[in-house]
Every structure is written in structure tokens, then in C-alpha cells.
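Colleague: I'm new to reading protein models. Could you walk me through this one, feature by feature?

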Amino acid sequence: MKNKIIIYTRVSDPSQVDNNSLETQEKVCRQFAKAKDFEVDRVFREEGWSAKNTDRPELRKALAHCCVKSNKITHLLVYNFKRFSRNTHEGLAVISLLSKNDVEVISATEFSEMNSIGRAMRTVFMAFGQMENEMKGEVVKDNMQSAFRKGLWVFKCPVGYKRKHRSKQENKGQPPVIDSNLAPIITKMFRNASTGIYNKSQLAKMMNLDGFGDHYISKRKKTRATHKVVHNILTKTFYYGEMYSSTWDEYSTGLHEPLIDELTWKKAYHAVVSKKKNYSFQDKELYPLKGAIRCFHCEHPMTTSPSRGKSGIVYYYECRKKNCKKVRININKAHDQFDSILANIKPSDDVIDLFQNMVFSEWDKVVAESGDEIEKMEEAIYALKSEIKSIRKAKDDGLYTLVQAKEEVVKIQREIVSLEIELSDKKVEKYDTEIVREFTNRFLKNLSLLWEKMGLSKKQAFLKQIFYNDLRCTTNGEIRTPKLSPSFELIQALGEAKGENVTPRGIEPRLLG
Ligand SMILES: [Zn+2]
């Protein structure tokens, strides 16, 4: 059966001619479809001004059409990605929406083979669109919040930590330091808690035996440990280095020295605090590969099972399929192996360069052009604003009636607003490009770091997109990857091939097609 596709064409200005007209776009798209042996189901044509990215009725119709399963659309074909969307966020949002419906967005004039690198880039974007947002963040005016984001704890120190100096001024820019009296007691409590043998009151009792109540927990306060104190300590991710602020509902990696490693923290939390409440959530946190890791023999997804051993609870991924029950692997072992798999998928610098050159060549052009345009638009806005002033003056001089003047001013203000929207769109575009650049540089080079930093939902997206949720575990506890998304296979291959076959910058090599 042929792939059924739809074509989406767009002009921002109805007077556009030549290469960019709707007819030309459609013609090129149809030729492309014909060459690929695609069946064109429908064509959606967006006409009219659309500097504002919101109101695009044809795009919405096209999306709705794609999302109806019975239409069996496999691709949305556009002339180029710039036509499709001039705003990274919007474009990614649409691509991601369609991908959820198994519809792929392809361009007739760029990455025309939808080659592996282009696809890899998009896969990464899709899985991490969210992260892009986070990396950008808003410009924070609040000094405290920006200090927090830089890794500084700006609130009262958690028990077991203190400020190094007496004065606020001296402590500025410094993370809390470990309180050598209380810290060992807390670390020990986490270890005890992680075994799953004790409850909160028992843990509190042990802390008191260790002398918890003998030390000041703040300037003037001493207190004995209670089940409540234990609860408060066990729920703070701060102790393994991750700061959380409820004020801004944000996480940030702290600059302070952790008291405990993340896994011990999670085990302790899991064993003592979340016994029932939030169980499944914490469960998933502890087993990030759940759902993706399968039994090598029967191919069934492995379940997770904490089992009580002599030294406390041990965590496993396990195949519990009837008549199989062959495979079981300790989570630490599984996660270590997964880490080394990720470490192997490492694009070389050349590939990163190539990525960026390809993906951004179009955007860079737009950005370069938009520099001039931004200037022009700013001038136009300035001119319109002075026009308002002169209308007001004309009214005062009796040349306009109040009603006339108002009418004119409203008209001009509308024009200003529409220009300002267009302007902010252009500025955003430039900003986004830089973020994405930084994103690829920092993270694509180091997938295991990326993995570590990802939240659970991103991890799940990542496993699905890159590994097709198909990691296999053998009887002797080896994790294998039978399928890797082709794009990442390619990254892996190119990461290994050093020196030879280095592709010149900016040139799309045929072998990648
Ligand atoms: Zn099995």
C-alpha cells in the first residue's frame, strides 16, 4: 500500500510570487511525492498574512485531518520547514503532536531523503522539547531565584547543614556546609532507612541514641528526633544534591556536598516514606528502565521486584512470565550497563558540526535577514508612535474631532501591536537557535549525562524514541540493544569512525542518505 500524505503550503503575503507562491510550493511537493511514490490525499493552502503564529486555520485543519486514524495519513509534506513554521516552539509542538499520531513531517526541499541525521535531530528535539524550554527559562528578575538556579540554597539550611560564616554578607554566593556533628547521624539514618527494616519511630530512636538531640540544629535550637523529624529529612532531595523549592516549584542541582547518594536516598524514601502513598511514582523513579527492558527469552517486559535479603531489600528487574522465569537482574547492574550503552552512542565533533550546519542553515539565513528586518520594524513602530502624537496635537488644534482622533489612534495602535508581535517572533527565533545550539553541544555529546538529568517522563520518551522500548536482558545478566533508532545507530558509527571519512563541514554526504 502506498503511503498516504497531505501537503501543506503557506504564504505569509498573498502578493508573494515566484519561488514562494502556493502554486510553486505545491508543484514541488507533488513532484517530491511522485518521486517517492506517495499518494497525495489532500492539499491544505494557507493564504494571507500570518506573522502571528496563532491563527492558521488551514494548519489546524491539516492537523485535525492527520489525527483522524481512519484517514491513514503517514506524512505531512511541506515545501520547507521555514514555510511550515517560523517559530521553533510552534514547529516542534506540531511535529511532536503529529508524531504521537504516527505522522511524520517531511520537507520537499530540505533533508530531502529525510536522512538519518535530520531524523536524529528531530528525534532529539521531540523527546526534549521540554528540556529546551527549561534551559531557556525565563529571565529571572528575582535574585534569590537566579541564585537558586545557579545551585545555591537560599533558604534556611536543612538539618545537618549550616552556614560557614556568621554574617550574611560573607555567606553570599556560598552553599551551605556540612555540620560535622549532625551529618554523620543523618547519613547513618539514611543507610538504615534504605534497608527497609525500620520504621520512622525506630529510626528516630536510633538517631537519639547516636546523640541527635545533643546538638544545635539551628542557632538556638536543640531537639530530639521524632518520627516527624525523620519524615522531614527523608523527603528532602537536598541530601543527595538536588534542591527543590516549593516557592517556585523548581529543581536545581545544588553546589553543596551531598550527604548520601541518590540511589540510597530513593531506597530510603521508598522503604520508609512512600510505602503506600505515591508508591507507583516512586517505584518508577527507582526503576527507570521499567517498560523498556525485556526478557531475552520470552521478549516480555520485565517486572520489578524488591526482594528482602539478609542485608535488607535488593531491587531487581525480573521476568515473571509463566513457564519462563529465566531472567533477573539487579537494578544497579542494569543501570550501569545501560550507562555504558549510552556512553557508546557518542557523536564525534564532526557529526555535531554537521548536525548544526544542516539544521540551522535555514534558520541562520532567516536570522541574518531578520536583523535588518528587526531594525526596519523598530523604525516603523517608532514612526507610528510619533504619528499618534501628531494626531493628538491635530485634535488639540481643532483639525480632528475627538471621535475622529480616537478612531485614527485605535487604527494605528492596532498596527503597532501587530508589528510588535511580528517583532517578538523574530527575536524569539534568534534566541531559540542559540539554545538549541547549546543543547546539542552540551548534551548530544554526553547522553549519559543527559539521561542522568532527565525527569522520568523524558526518560520514558527517550527509551521509546531511541531504543524502541526494547532493551533485552540475557540469562547471565547482560543488557543488549537489538534495535536502536537508525539515526542513533548512525551517530554511534560516526562517533567511532575517527579521522578517515571526515565529512567537510556543511556538506551533506551521500552515504548518510
Ligand atoms: Zn521471560
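**Reading the model, step by step**

Modeller: Let's begin with the largest nonpolar core, which has 33 residues; Phe190, Met207, Leu234 and Tyr239 have the most contacts inside it. Four helices each supply at least two residues of this core: α8 (183-194), α9 (200-209), α10 (227-234) and α11 (262-273). Bear in mind that this is a predicted model.

Colleague: Why look for a nonpolar core at all?

Modeller: Because nonpolar side chains tend to be buried together in soluble globular proteins. Take Leu234 here: leaving out residues up to four places away in sequence, Leu234 touches Met189, Phe190, Ala193, Leu203, Trp265, Ala268, Tyr269, Val272 and Val273. Apart from the largest core lies another one, of 31 residues, including Tyr315, Tyr317, Phe338 and Phe462.

Colleague: How do I check a helix, say α11: what should its 12 residues span?

Modeller: Count 1.5 Å a residue, using one less than the number of residues. For α11 that gives 16 Å, and the end C-alpha atoms are 15 Å apart, so the two agree.

Colleague: And how many residues of α11 are buried?

Modeller: Buried means under 20% relative accessible area. In α11, 10 of the 12 residues are buried, so by that cut-off the helix is mostly covered. Among them are Trp265, Ala268, Tyr269, Val272 and Val273, and these five are also on the list of residues that Leu234 touches. Lys266, Lys267 and His270 of α11 are buried too.

Colleague: What caps the N-terminal end of α11?

Modeller: Asp261 does, with a side-chain oxygen 3.3 Å from the backbone nitrogen of Leu263.

Colleague: Now the metal. Which residues coordinate the zinc ion?

Modeller: For a metal site, look at the donor atoms, then the distances, then the angles. The SG atoms of Cys295, Cys298, Cys319 and Cys324 coordinate the zinc ion at 2.2 to 2.3 Å. Angles among the four donor atoms run from 101 to 115°, and the site is tetrahedral. Along the chain, the donors follow the spacing C-x2-C-x20-C-x4-C.

Colleague: Are Cys295 and Cys298 buried or partly exposed?

Modeller: Cys295 has a relative accessible area of 0%, so it is buried. Cys298, at 25%, is partly exposed.

Colleague: One more: where does Thr474 lie?

Modeller: Thr474 sits in the loop between β13 (471-473) and β14 (479-480). Its relative accessibility is 4%, so Thr474 counts as buried. Beyond its neighbours within four places in sequence, Thr474 is in contact with Phe296, Val327 and Arg480.

Conventions
Residues numbered from 1 in each chain as written. Predicted model: local features only at pLDDT ≥ 70, side-chain atom pairs only at ≥ 80, totals over all residues. Heavy atoms only, no water. Core = buried A, V, L, I, M, F, W, Y, C linked by side-chain atoms within 4.5 Å. Buried < 20%, exposed > 50% of the residue type's maximum accessible area, 1.4 Å probe, protein only. Contact = heavy atoms within 4.5 Å. Donors = N, O, S within 2.8 Å, 3.2 Å for Na, K, Ca; no water. Tetrahedral: all angles 85-135°; square planar, octahedral: opposite > 155°, others 65-115°. Polar contact = N/O pair within 3.5 Å; in protein donor to acceptor, adjacent residues only side chain to side chain.
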